[in-house]
Amino acid sequence: MAADDYPYGAHEVARRLAISVQPVPGRMRKHARNFDETYIGFDLNAARIEASRCIQCPSPRAREACPVSNDIPGAFALLELGISRGGE
């Protein structure tokens, strides 16, 4: 897929791909009653940085990979705009 296929220009795609991956916060076992992994999740700032890495692929696989079919690219776009929850 060529950079022209993305909604951003080639320079913007390259800039977004160069943003460092944010470390996933450690596993939380304090309240676990089983051996399932539980992640704390990103704080709002780290979530926004991760969202800014999204290059808005024309055929995003994130949505298909999501077990509840959430619009992952759409959510990332809202996070980039500073909208984190229900229009806040």
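E50 forms a salt bridge with R53, and in this predicted model the closest nitrogen and oxygen atoms of the two side chains are 3.0 Å apart. The two partners differ in how they sit with respect to the surface: E50 counts as buried because its relative accessible area is 15%, whereas R53 is partly exposed, with a relative accessible area of 25%. Elsewhere, salt bridges that share partners join E12, R15, R16 and E80 into one network.

That network can be followed pair by pair. The side chains of E12 and R15 meet in a salt bridge, with a distance of 2.8 Å from N to O. Both residues belong to helix α1, which covers residues 10-17, and because they are 3 residues apart there, about one helical turn separates them. E12 counts as partly exposed at 23% relative accessibility, and R15 is also partly exposed, with a relative accessible area of 43%.

A further pair in the network is formed by E80 and R16, whose side chains meet in a salt bridge at 3.0 Å, again taken from N to O. E80 lies in helix α4 (residues 72-80) while R16 lies in helix α1, so this pair ties together parts of the protein that are 64 residues apart in sequence. At 32% relative accessibility E80 counts as partly exposed, but R16 is buried, its relative accessible area being 4%. Over the whole protein, the count of salt bridges comes to 4.

What does A51 touch, once residues up to four places away in sequence are left out of the count? The contacts of A51 are R16, F76, L79 and E80, and two of these, R16 and E80, are the partners of the salt bridge between helices α1 and α4. A51 itself is found in helix α2, which spans residues 44-52. Since its relative accessibility is 0%, A51 counts as buried. A51 and I72 are 21 residues apart in sequence, and their C-alpha atoms are 9.3 Å apart in space.

The cysteines can be considered next. Why does C54 not form a bond with C57? The sulfur of C57 is the closest cysteine sulfur to that of C54, but the distance of 6.4 Å is too far for a bond, because a disulfide requires the two sulfur atoms to be within 2.5 Å. A search of the whole structure finds 0 disulfides. C54 counts as buried because its relative accessibility is 14%, and C66 is likewise buried, with a relative accessible area of 14%.

With these local details in place, the overall arrangement can be described. The protein has 4 helices and 0 strands, and from the N terminus on its elements run α-α-α-α. Among the contacts in the protein with a separation of 6 or more, residues 24 or more positions apart account for 55%. Of the 88 residues of the protein, 18% count as buried, a group that includes A51 and R16. The protein exposes about 6,700 Å², and carbon and sulfur atoms supply 55% of that area.

Technical notes
Residues are numbered from 1 along each chain as its sequence is written. This is a predicted model: local features need pLDDT of at least 70, side-chain atom pairs count only at pLDDT 80 or more; totals for chains, interfaces and linings use all residues. Side-chain values use heavy atoms; hydrogens and water are left out. Helices (H or I, at least four residues) and strands (E, at least two) are DSSP runs, numbered from the N terminus. Buried means under 20% relative accessible area, exposed over 50%, partly exposed in between (1.4 Å probe, protein chains only). Contact means heavy atoms within 4.5 Å. Accessible areas come from the Shrake-Rupley method with a 1.4 Å probe; for residues, only the protein chains shown count as cover.
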